[in-house]
Amino acid sequence: MEELYIKNFSQNYEEVENEIKKAIIGQDEVIRNVLIGIIAGGNVLLEGMPGLGKTQLVKTIGKVLDLEFSRIQFTPDLMPSDIIGTEIVTKKDGNIDFVFKKGPIFSSIVLADEINRATPKTQSALLEAMEERRVTVGSTTYDLQEPFFVLATQNPLETEGTYPLPEAQLDRFMLKVNIKLPEFDAISSIVDLTTGDYKLNNNTNKILDGNKIMKMREMSRKVLIGESVKKLAINIVTSTYSEKTDIKMVKDYVKCGASLRAIQSIILSAKVRSLIEGRYNVAFEDIKEMAYPCLRHRIILNFNALSDKVSEDDIVKDILSKVN
């Protein structure tokens with residue numbers, strides 16, 4: 001029975017991944033991590049310089065997964081009501097009533113494009129939806145449909161016109177995926193496709209729907225994890241706190257360690273990865289591989305780290321080399 005589960009899961013995943021690769025070139029690891037986050041039931045933050053295909057990737061995923069999709073372009077003048085919705089006044093037969101007009105948050109896939117170009121007040125409008133899958137307007141609470149997830153893109157903080165995301169909101173992203181410049185061959189293919197007389201294949205097919213995604217998520221939750229593997233995930237996260245570890249890089253460069261949500265994120269995403277790799281149990285390599293995207297946005301560095309050009313990934317790498 002387990003072999004059949006793994007086979008069905010792997011087959012569905014491979015079909016989705018291959019379909020996305022028809023439209024997205026040279027970002028295989030990014031595609032995998034985003035799909036892991038979606039299947040695991042989390043929100044994903046994509047960071048990279050403009051022009052690396054972040055928005056195109058999210059749009060393509062929306063097509064392939066056949067889910068209701070909405071895009072919110074974050075700008076400095078965007079208001080919370082532009083995301084959640086607002087109550088409008090209606091008049092019928094002489095009676096005045098208030099009717100709630102739903103905003104773009106009421107979709108299965110919400111693309112929060114350039115999320116860090118909006119003010120912190122507007123960014124915080126997503127907090128309840130990302131964590132509790134519901135929205136409260138006034139005294140009324142509205143449940144969001146499942147599956148629901150936010151795929152947000154942001155430019156690095158060094159770029160002009162950006163606001164840092166509140167720590168509480170960053171923590172609600174299961175994964176942070178960095179999008180880097182592709183390899184030379186991939187860039188060459190992109191240039192040929194975008195400057196020649198033939199076009200990139202945008203006719204992607206619908207592979208999965210909401211029910212199948214929920215079944216894959218349910219299947220991943222049943223993946224077995226041994227005590228020693230779970231212990232590794234806990235030790236990795238607790239080692240991000242300077243008072244809990246003797247690791248020098250952590251003591252020198254980390255201002256604030258990762259929250260307990262990081263442990264949950266690592267284990268849930270590692271379970272999905274194990275199924276993709278054809279296993280029904282979480283291995284140490286799954287935990288270590290998923291530690292990077294699960295921790296890099298949850299570790300807060302101090303000024304010394306910025307001065308010495310130490311990144312969050314450098315901290316995670318050092319922790320993984322010393323924790324067992």
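**Entry 1: S10 and K7 in helix 1**

A residue is called buried when its relative accessible area is under 20%, and exposed when that area is over 50%. I note at the outset that the model I am examining is predicted.

I looked up S10 and found it in helix 1, which covers residues 2-21. Is S10 buried or exposed? Its relative accessibility is 12%, so I recorded S10 as buried. I then searched for its partners, leaving aside neighbours within four places in sequence, and found S10 in contact with L275 and I276. The side chain of S10 comes to 3.2 Å from the backbone oxygen of L275.

I turned next to K7, which also lies in helix 1. K7 has a relative accessible area of 58%, and I therefore entered it as exposed. I also checked K7 against L65: the two are 58 residues apart along the chain, and their C-alpha atoms are separated by 19 Å.

**Entry 2: The sheet**

I traced an open sheet of five strands, whose order is 2-5-8-1-9 and whose pairing is parallel. Which strands stand at the edges? They are strand 2 (69-73) and strand 9 (173-178); each has a single partner strand, so one side of each is left without a neighbour in the sheet. From one strand to the next, the twist averages 15°.

I followed the pairing of strand 2 with strand 5 (residues 109-113), which is parallel and runs over five bridges. Within this pair, I found R71 opposite L111 of strand 5. Helix 3 (residues 54-65) packs on the sheet and touches strand 1 (43-47), strand 2, strand 5 and strand 8 (149-154). The direction of helix 3 makes about 160° with that of strand 8.

I then sorted the residues of strand 2 by face. S70 and I72 belong to the covered face, whereas F69, R71 and Q73 belong to the uncovered one. I kept a general rule beside this list: in a regular strand the side chains alternate between the two faces of the sheet.

**Entry 3: The second largest pocket**

I looked up the second largest pocket and recorded about 540 Å³ of space in it. Its lining consists of 24 residues, and those nearest its centre are E29, V30, N33, N178 and K180. Helix 2 (28-40), strand 9, helix 13 (284-295) and helix 15 (312-322) are the elements that each give two or more residues to this lining. Which element gives the most to the lining of the second largest pocket? I found that helix 2 does, with six residues.

**Entry 4: The largest cavity**

How many cavities of 30 Å³ or more does the structure hold? I found one. The largest cavity contains about 60 Å³ of space. I listed its lining as Y13, V16, L35, I38, I39, L65, L208, I213 and M216. Helix 1, helix 2 and helix 9 (210-221) are the elements giving two or more residues to the lining of the largest cavity. Helix 2 gives the most here, with three residues. L65, which I had compared with K7 in the first entry, appears in this lining.

**Entry 5: Backbone details in the loops**

I closed with three places in the loops. The peptide bond that joins E146 to P147 is cis, and its omega is near -5°. P147 is found in the loop between strand 7 (140-143) and strand 8.

E114 has a positive phi, near 50°, although it is a residue other than glycine. I located E114 in the loop between strand 5 and helix 5 (120-123). Its relative accessibility is 23%, so I counted E114 as partly exposed.

R133 likewise is a residue other than glycine with a positive phi, here near 60°. The loop that holds R133 runs between helix 6 (127-132) and strand 6 (134-137). Is R133 buried or exposed? At 14% relative accessibility, I entered R133 as buried.

Definitions and conventions
Residues are numbered from 1 along each chain as its sequence is written. This is a predicted model: local features need pLDDT of at least 70, side-chain atom pairs count only at pLDDT 80 or more; totals for chains, interfaces and linings use all residues. Side-chain values use heavy atoms; hydrogens and water are left out. Helices (H or I, at least four residues) and strands (E, at least two) are DSSP runs, numbered from the N terminus. Buried means under 20% relative accessible area, exposed over 50%, partly exposed in between (1.4 Å probe, protein chains only). A polar contact is a pair of N or O atoms within 3.5 Å; within protein, one must be able to donate a hydrogen and the other to accept it, and residues adjacent in sequence count only if both atoms are side-chain atoms. Contact means heavy atoms within 4.5 Å. Two strands pair if DSSP finds at least two bridges between them. Axes are lines fitted to C-alpha atoms, for helices over the stretch in contact, and angles run from 0 to 180 degrees between N-to-C directions. On a 1 Å grid over the protein atoms alone, a cavity is a set of points where a 1.4 Å probe fits but cannot get out, and a pocket is an open set with protein on both sides within 12 Å along at least five of seven lines; lining residues have an atom within 4 Å of a point. Grid points are joined across faces, edges and corners, and a volume is the space filled by probe spheres set on the points.
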